[in-house]
Amino acid sequence: MSPLQIALILGSSRPNRISPHVGNWVKTILESSEASSPQFSIATVDIDTFGLPSFNEPVSPVLIKDLSKFTSQSARLWNHEIAKYDAYIVVSPEYHQGIPGSLKNALDFLYHAWAGKPAMIVTYGIMGGSSANESLRVILERGFGLKVSSFSPRLEFPGRDPTKNNASQALMDAMQGKLSVETTGFWEGKREEVVQAFKEILESVTVV
Ligand SMILES: Cc1cc2nc3c(=O)[nH]c(=O)nc-3n(C[C@H](O)[C@H](O)[C@H](O)COP(=O)(O)O)c2cc1C
């Protein structure tokens, strides 16, 4: 059996974002974990490289079964890229209690490329990106019929001070695009949850 192809989708697009670092942290854990049967390969997919416009298709992607029929080249490329994978890891920050608009916009261009496939969610933020995590689950499960794993890791920035709007050095570092060793050290407690979520999606692919 050839390795399962897994896409790790980066959910943010700020110039100094930390999502690539969070994605690498997740990827490294999974590639070094025991969850290696069946074999898999994880590719990072950066929405930002597709140059998608604000959603501008004349109809909902539910009606576009032939992915080459999307009107813009960027939407066609994005759909063909997503269609290549067996399962998905969506790594997203929380912006204003939800997911970044750029992520939602990119997801709105999809339907048949991934409907029904397995996915897992990893969010990060002051409270682990809990609101984004829940919102993303609704979008993926109800919007696309994806099979979302029950484990859904929420990665919290350490050291929040409730008397200062929950600010912390880790949050200030993240705003500047820096994922500190203190933060990833704190997230070690979430390692097992990340692995369990991934095992779920691998199992979900293989039982299809
Ligand atoms: C527009 C914006 C809104 C934000 N809103 C939230 C929020 O609602 N909850 C939260 O935990 N963090 C919030 N933050 C802080 C982010 O968690 C932090 O900046 C993180 O680094 C964002 O991920 P990114 O670097 O990949 O863009 C916000 C940051 C930005 C830029």
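In the predicted model, Gln-97 is situated in the loop that connects β3 to α3. The phi angle of Gln-97 is positive, about 70°, although the residue is not a glycine. Gln-97 is classed as partly exposed because 13 other C-beta atoms lie within 10 Å. The loop between β3 and α3 (101-108) also holds His-96, whose phi is likewise positive, near 50°, in a residue other than glycine. His-96 has 9 other C-beta atoms within 10 Å and is therefore exposed.

Strand β3, which precedes this loop, is mostly covered, with seven of its seven residues buried. In a regular strand the side chains alternate between the two faces of the sheet. On one side of β3 the buried residues are Ala-87, Ile-89, Val-91 and Pro-93, and on the other they are Tyr-88, Val-90 and Ser-92, so that both faces are covered. Strand β3 pairs with β1 in the parallel sense over five bridges. Within this pairing, Val-91 of β3 is the bridge partner of Leu-10, and Val-90 of β3 stands opposite Ile-9. Strand β3 is also joined to β4 by six bridges, and these two strands run parallel; here Ser-92 is placed opposite Thr-123 of β4.

Strand β1 is mostly covered as well, five of its seven residues being buried. Besides its pairing with β3, β1 is connected to β2 through seven bridges, again with the strands parallel. In β2, Ile-42 is the bridge partner of Ile-6.

In soluble globular proteins, nonpolar side chains tend to be buried together. The largest nonpolar core of the model comprises 57 residues, and the residues with the most contacts inside this core are Ile-9, Ile-89 and Ala-119. With residues up to four places away in sequence left out, the contacts of Ile-9 are Val-45, Ile-47, Tyr-88, Ile-89, Val-90 and Val-91.

Helix α7 spans residues 191-207, a total of 17 residues. The distance from the first C-alpha of α7 to the last is 25 Å, close to the 24 Å expected at 1.5 Å a residue. The buried residues of α7 are Val-194, Ala-197, Phe-198, Glu-200, Ile-201 and Leu-202. An α-helix has 3.6 residues a turn, so residues three or four places apart point the same way. The elements that cover the buried residues of α7 include the strands β1 (4-10), β2 (40-46), β3 (87-93) and β4 (118-125), together with helix α1 (19-31).

Pro-118, in strand β4, is in contact with residues of α7. Its contacts, not counting residues up to four places away in sequence, are Ala-87, Leu-146, Lys-147, Ile-201, Ser-204 and Val-205. The C-alpha atoms of Pro-118 and Leu-202 are separated by 8.0 Å, while the two residues are 84 residues apart along the chain. Pro-118 is buried because 25 other C-beta atoms lie within 10 Å.

The ligand is surrounded by 16 residues, the closest being Ser-12, Pro-93, Gly-125, Ile-126 and Ala-174. Of these closest residues, Pro-93 is also among the buried residues of β3. By residue class, the shell around the ligand consists of seven nonpolar, six polar and three charged residues.

How values were computed
Residues numbered from 1 in each chain as written. Predicted model: local features only at pLDDT ≥ 70, side-chain atom pairs only at ≥ 80, totals over all residues. Helix = DSSP H or I, 4+ residues; strand = E, 2+ residues; numbered from the N terminus. Expected span 1.5 Å × (residues − 1). Buried ≥ 20, exposed ≤ 12 C-beta atoms within 10 Å, placed from the backbone. Contact = placed C-beta atoms within 7 Å. Core = buried A, V, L, I, M, F, W, Y, C linked by C-beta atoms within 7 Å. Near = placed C-beta within 6 Å. Nonpolar A, V, L, I, M, F, W, Y, C, P; charged D, E, K, R; others polar. Pairing = 2+ DSSP bridges.
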